[in-house]
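Please walk me through this structure step by step. Keep the sentences short, and take one place at a time.

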Amino acid sequence: MTPKAPTTSHLSPRITDDGSFSLHSAEFAEGFHSRRGALLEARCTYVRPAQLERFGAGEELTLVDVCVGLGTNSAALLEAAAPLGIRLRWFGLEVDPAPLALALAQPCFRRQWQPALGLDLLQQLQNSGRWLSSHGRGEMLWGDARGQIETLLKQAAGRCDLVMLDAFSPRHCPQLWSQEFLAALSGLLAPRGRLLTYCSAAAPRRSLAAAGLQLAALRSKATNPEAEAGDDLGDDLNGAWSAGTVAGPQLEPTSRWWRPLSAMEREHLLSRAGESYRDPAGRAEASSILADRLRAQALSGAEPASAWRRRWGLPGGAR
Ligand SMILES: C[S@@+](CC[C@H](N)C(=O)[O-])C[C@H]1O[C@@H](n2cnc3c(N)ncnc32)[C@H](O)[C@@H]1O
């Protein structure tokens, strides 16, 4: 599928706290990356927990970047994989060509990347939707990820080592956190593959578990004594909250980068906040997915999320 022509009026540039380039979307009322740093987030949430050291030189790592955006996560991953001699078999899902086009037009964004690695990847993807280099090959599947996932499953079901899920938050983009879409992403994973996301919300976690994946919480700074100086792995409430989620068919329960869900998080999944977003036909509008979920929550016999928050002494407003 060829991408629609980029229109950039819904996007505004911003420089994040680590000096890396990002965007804000008026359409989704949300930033593309953590204010603390686009590059920092790419490294802490995706590159390090991918544990590239598991792969030997000359091995091929198959990965899917769900919501490529500016391509920050993929470029950062390639620049970490290439020095280890790991080749990438890359797939990207993205509906809008504008973020990549806008970012590549910015000298400060281009300077973030090594010319023969990250920059070459992103430039080739923009030019042709494909990438071919001595470090691997890849293709962009432009269009609504809910439709393109069917095409991808035909090529890569059960073969992916890594799925990086970086959609806007469930509140603003519930269509990419639905039980159905997450089940499809789960179907991409190889037995030892893993899905990584910044999101710690209860509903997507419950859906990933329902798809048969084991879950763990990405460690935040306070729970990760090995974090390097300058790392900011996210907020943490007494070590019980997390900086995201890792899920896989055969996930080790704990590692340097993740830990088992806390009792508080497990109970969160069982509360009404854990009610899944539903989109059986893969075409629903965000507003109708949100309205259906509100109705399902009202009918649910589960504990209201507000009661769960009170029991754990948490401030209001869980995602
Ligand atoms: C948080 S941003 C991704 C940031 C990106 N991972 C990066 O490193 O720059 C979310 C992206 O999801 C895309 N998106 C929104 N809805 C989509 C859909 N239904 N299918 C595919 N992509 C979608 C947006 O265009 C946006 O680029």
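Start at strand S2, which spans residues 21–25 and contains Ser-25. The model is a predicted one. Ser-25 has a relative accessibility of 1%. Buried means under 20% relative accessible area, so Ser-25 counts as buried. The side chain of Ser-25 also makes a contact. It reaches the backbone nitrogen of Phe-28 at 3.0 Å.

Move on along the chain to Gln-51. This residue lies in a loop, with helix H1 (38–47) on one side and strand S4 (60–66) on the other. Is Gln-51 buried or exposed? Its relative accessibility is 12%, so Gln-51 counts as buried. The backbone of Gln-51 deserves a look as well. Its phi is near 50°, which is a positive value in a residue other than glycine.

Next comes Cys-67, in the loop between S4 and H2. Cys-67 is not a glycine, yet its phi is positive, at about 80°. Its relative accessible area is 18%. The cut-off for buried is under 20%, so Cys-67 is buried.

Helix H2 follows, covering residues 72–81. How much of helix H2 is buried? Nine of its 10 residues are, so the helix is largely enclosed by the rest of the structure. The buried residues begin with Thr-72, Asn-73, Ser-74, Ala-75 and Ala-76. Leu-77, Leu-78, Glu-79 and Ala-81 complete the set.

Now turn to the ligand. Where does the ligand sit? It occupies the second largest pocket. Around the ligand are 20 residues. The closest are Cys-67, Leu-70, Glu-94, Ala-145 and Asp-166. Cys-67, the loop residue between S4 and H2, thus comes up again here. By type, the shell around the ligand divides into 10 nonpolar residues, six polar ones and four charged ones.

Look at the polar contacts next. A ligand nitrogen atom is 2.8 Å from a polar backbone atom of Cys-67. For Asp-166, the partner is in the side chain: an N or O atom there is 2.8 Å from a nitrogen atom of the ligand. The side chain of Asn-73 takes part too, with an N or O atom 3.3 Å from a ligand nitrogen. Asn-73 is also one of the buried residues of H2. How much of the ligand does the protein cover? On its own, the ligand has 610 Å² of accessible area, and the protein covers 97% of it.

Leave the ligand and go to strand S11, residues 245–248. Gly-248 has its place in this strand. Its relative accessibility is 0%, so Gly-248 counts as buried. Compare its position with that of Ala-307. The two residues are 59 residues apart along the chain, and their C-alpha atoms are separated by 30 Å.

The last stop is Glu-252. Find it in the loop between strand S11 and strand S12, where S12 spans 258–259. How does its accessibility class turn out? At 27% relative accessibility, Glu-252 counts as partly exposed. That class lies in between the buried limit of under 20% and the exposed limit of over 50%. Glu-252 can also be paired with Gln-214. Along the chain they are 38 residues apart, while 8.6 Å separates their C-alpha atoms.

Key: Residues are numbered from 1 along each chain as its sequence is written. This is a predicted model: local features need pLDDT of at least 70, side-chain atom pairs count only at pLDDT 80 or more; totals for chains, interfaces and linings use all residues. Side-chain values use heavy atoms; hydrogens and water are left out. Buried means under 20% relative accessible area, exposed over 50%, partly exposed in between (1.4 Å probe, protein chains only). Helices (H or I, at least four residues) and strands (E, at least two) are DSSP runs, numbered from the N terminus. A residue is near a molecule or strand if one of its heavy atoms lies within 4 Å of it. A polar contact is a pair of N or O atoms within 3.5 Å; within protein, one must be able to donate a hydrogen and the other to accept it, and residues adjacent in sequence count only if both atoms are side-chain atoms. Accessible areas come from the Shrake-Rupley method with a 1.4 Å probe; for residues, only the protein chains shown count as cover. On a 1 Å grid over the protein atoms alone, a cavity is a set of points where a 1.4 Å probe fits but cannot get out, and a pocket is an open set with protein on both sides within 12 Å along at least five of seven lines; lining residues have an atom within 4 Å of a point. A molecule sits in a cavity or pocket if more than half of its atoms lie within 2 Å of its grid points. Ala, Val, Leu, Ile, Met, Phe, Trp, Tyr, Cys and Pro count as nonpolar, Asp, Glu, Lys and Arg as charged, and the others, Gly among them, as polar.
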